[in-house]
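Here is a short briefing on one protein chain. Start with the structure, then read the points by topic.

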Amino acid sequence: MVCLFSGVDGALLALLDSATVTAWRTGLAAALGTHLPASPGPSSGATVGVIGVGARADLMVRGLRTLRPCGPLLVHDLHPERAAAFAARHDGRVVTSPQTVAAQAGIVLLATSSRTPLLHLADTRPGQHLTTLGADEPGKRELAADLLDAALLVVDDHELAAATGTLATPGLPTTPRLSSTAVPTLTDLLTGAHPGRTSSDTRTVYAPVGLPWQDLALSWLAHERARERGLGRDFDFLG
């Protein structure tokens with residue numbers, strides 16, 4: 001549960017389901033982190049591939065389609081029936097493996113709990129963008145070290161990425177290029193402090209850990225919209 005308190009007097013304003021809030025903020029923040037470094041692509045939009053079809057992937061696709069034109073959608077999941085349902089909801093097509101997704105998609109979205117890499121450098125090609133949501137705690141890895149080393153890597157927080165996220169990937173070279181000053185954050189791209197992609201041949205990877213303040217921002221927005229539209233249920237703890 002997320003408890004939203006007033007910053008003025010500490011009053012409890014709302015109780016929200018934490019799984020829903022986290023899915024929305026993770027998916028939408030990842031959509032933005034995909035849109036900024038990814039290649040502009042053709043006017044009709046690049047083919048988008050999805051590996052892992054939970055709630056986060058659903059919201060990534062919805063958010064990305066709001067931010068840019070997207071081409072055909074390819075879907076893979078360990079559970080074929082889940083993949084088929086996801087593809088039906090988003091007008092996509094099911095494929096048989098992560099490698100098939102990477103071979104055909106210009107943008108690849110990964111949202112799994114895998115602890116072994118699903119994609120290596122040889123599975124990708126220059127110019128692709130990959131967003132990996134799986135590296136959000138120690139031991140979870142969706143992308144191999146050789147792929148991360150070859151790509152322009154973008155994170156949401158240097159310290160967290162180094163402690164528990166992608167920068168802690170075993171086998172990732174410890175070089176100045178991978179230092180906290182060389183790996184840009186999403187904030188750096190948003191503010192222009194880092195140019196992001198500078199070549200159409202650059203591989204890019206966005207690898208967020210997830211930041212609690214994003215839950216606050218989304219919870220406040222949900223609270224405001226609920227009040228405006230008369231949604232939810234008011235209650236008084238004091239009776």
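A nonpolar core here is a set of buried Ala, Val, Leu, Ile, Met, Phe, Trp, Tyr and Cys residues joined through side-chain atoms within 4.5 Å. Buried means under 20% relative accessible area, exposed over 50%, and partly exposed in between, with a 1.4 Å probe and protein chains only. This is a predicted model: local features need pLDDT of at least 70, side-chain atom pairs count only at pLDDT 80 or more, and totals for chains, interfaces and linings use all residues. Residues are numbered from 1 along each chain as its sequence is written, and side-chain values use heavy atoms, with hydrogens and water left out.

**Cores**

- The largest nonpolar core has 23 residues. Those touching the most other members are V108, L110, L119, L130, L143, L153 and V205.
- At least two residues of this core come from each of α4 (98-104), β6 (107-110) and α5 (145-150). Helices (H or I, at least four residues) and strands (E, at least two) are DSSP runs, numbered from the N terminus.
- Another core, of 19 residues, lies apart from it. Its members include A38, A57, L73 and A83.
- L110 has contacts (heavy atoms within 4.5 Å) beyond its neighbours within four places in sequence. Among them are I51, M60, L118, L119, L130, E142 and L143.

**Overall fold**

- The chain has 8 helices and 9 strands.
- Its radius of gyration is 19 Å, which agrees with the value near 18 Å for a compact globule of 239 residues. The radius is taken over C-alpha atoms, and the globule rule is 2.2 Å times the number of residues to the power 0.38.
- Along the principal axes, the C-alpha atoms fill a box of roughly 65 × 45 × 35 Å.
- Of the 239 residues, 46% count as buried.
- Take the contacts between residues at least 6 apart in sequence: 70% of these join residues at least 24 apart.

**Surface and charge**

- The chain exposes about 11,900 Å², and carbon and sulfur atoms supply 57% of it. Areas come from the Shrake-Rupley method with a 1.4 Å probe; for residues, only the protein chains shown count as cover.
- There are 19 positive and 22 negative charges, and their mean positions are 6 Å apart. Lys and Arg count as positive and Asp and Glu as negative; His and the chain ends are not counted. Each charge is placed at NZ of Lys, CZ of Arg, CG of Asp or CD of Glu.

**Buried residues**

- F86 sits in helix α3 (residues 80-89). F86 counts as buried because its relative accessibility is 0%.
- Beyond residues up to four places away in sequence, F86 touches V50, V53, G54, A57, D58, V61, L73 and V75.
- Q128 is in the loop between β6 and β7 (129-132). At 1% relative accessibility, Q128 is buried.
- Outside its neighbours within four places in sequence, the contacts of Q128 include A102, A105, G106, V108, R197 and R203.

**Exposed loop residues**

- L78 lies in the loop between β4 (70-76) and α3. L78 counts as exposed because its relative accessibility is 77%.
- The C-alpha atoms of L78 and T112 are 9.7 Å apart, with their positions 34 residues apart along the chain.
- D91 belongs to the loop between α3 and β5 (93-94). D91 is exposed, with a relative accessible area of 69%.
- D91 is not a glycine, yet has a positive phi of about 55°. Most residues other than glycine have a negative phi.
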